[in-house]
Amino acid sequence: MAMLEAAALSKHFRARRGLFGGRGVVRAVDGVSFAIEGGRTLGVVGESGCGKTTTAKLVLGLEEPTEGGIRFEGCDLNALDAAGRRNYRKSVQAVFQDPYASLNPRMRVGAIIAEPLVTNEALTAKETRRAVLRLLDLVALPARSADLFPHEFSGGQRQRIAIARALALSPKLVVLDEPVSALDVSIRAQILNLLRDLQRELGLSYLFIAHDLAAVAHMSHTIAVMYLGKIVESGEAESLVRVPKHPYTQALFSAALPSSPEERRDEIVLAGEVPSPLRPPSGCRFHPRCPSAMERCKDEAPVLEEIEGRLVACHLYNCVALPGAPERQT
């Protein structure tokens, strides 16, 4: 059984259409389903505005779904009482993008890390201090860090502090929302390797959200690719990165930096911009930019279907028998 399962999860927001127009609906997340296994990482990737962060907020309980639901260790979140909700929030923690904004500049680091413990656990001052020092050691910061303020640390060190705070309540799942995008390139690998070490040591599960494709490939066991609120492809990370099947996934990874100087790949340039989520295209949402679009793509939305061990939502893979259909892509 998966630790966390999302089924047909949707989040729609009311929004004003233009300066004097009426109100429309932004379908930020539109019927996505995924699962996160214990001790494993699900990476979610896509362009800005595809629904990655909204998905993270739904998992964290910061937003209520418009439709669909989430199950955690077999329990439906909608059926939890107040105590169950509290336990869920303790079990699911987050590390956010900006370590400069996520830490209170007026609090010492020890107090920042101890805050979840003070709020949720009945510990003595000595027990709390001992827990803080243990957490600092876990993220490779010296004990004296507890008595300093956030401004006395570099960006990478601040993110280590944020990770220590997220681990204070011994969570089972950590949502990592762009955890290295605000850091210098030279520091990113250190933080990603720390997260992988902590996963092995503590048995953590991660929901890893990023637009950095190299980071997603490095961190993830499985990857889900989102476009305009929908998952267009998902599967085992190494296979998906090596041989992407959906035209959007192919374009994303063709633009990523190669893993070695010898690697050669054809860059796929997509036409146009990402459409507005207020007025998504009919049929397949990717069809206005897709180099392989067919007539049926304009009217008929593809569904996720298993193609060679992977889920892909694309008519290229389910229309071979139709007259004039292109050959099946592999």
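Is Lys90 buried, exposed or partly exposed, and at what relative accessibility? In this predicted model, Lys90 counts as partly exposed because its relative accessibility is 22%, a value that is not under the 20% set for buried residues. The side chain of Lys90 meets that of Glu121 in a salt bridge, with 3.4 Å from N to O. This pair links distant parts of the chain, since Lys90 lies in helix α2 and Glu121 in the loop between α3 and α4, 31 residues apart. Glu121, at 32% relative accessibility, is likewise partly exposed.

A search of the whole structure finds 14 salt bridges, and two others can be followed here. Glu47 and Arg289 meet at 3.2 Å, N to O, although Glu47 sits in the loop between β3 and α1 and Arg289 in the loop between α9 and β11, 242 residues apart. Glu47 is partly exposed at 26%, whereas Arg289, with a relative accessible area of 9%, is buried. Asp197 and Arg200 form a salt bridge of 2.3 Å, and because they are three residues apart in helix α6, about one helical turn separates them.

The loop between α9 and β11 also holds Phe286, which forms an aromatic pair with Tyr227 of strand β9, 59 residues away. Their ring centres are 5.1 Å apart and their planes stand at 80°, an edge-to-face arrangement. Phe286 pairs with Tyr248 as well, and because these planes meet at 65°, with centres 5.3 Å apart, that pair is edge-to-face too. Ring pairs thus link Tyr227, Tyr248 and Phe286 into a cluster; Tyr227 and Phe286 are buried, and Tyr248 is buried also.

How values were computed: Residues numbered from 1 in each chain as written. Predicted model: local features only at pLDDT ≥ 70, side-chain atom pairs only at ≥ 80, totals over all residues. Heavy atoms only, no water. Phe/Tyr/Trp six-rings, centres within 6.5 Å; stacked < 30°, edge-to-face > 60°. Helix = DSSP H or I, 4+ residues; strand = E, 2+ residues; numbered from the N terminus. Buried < 20%, exposed > 50% of the residue type's maximum accessible area, 1.4 Å probe, protein only. Salt bridge = Lys/Arg side-chain N within 4 Å of Asp/Glu carboxyl O.
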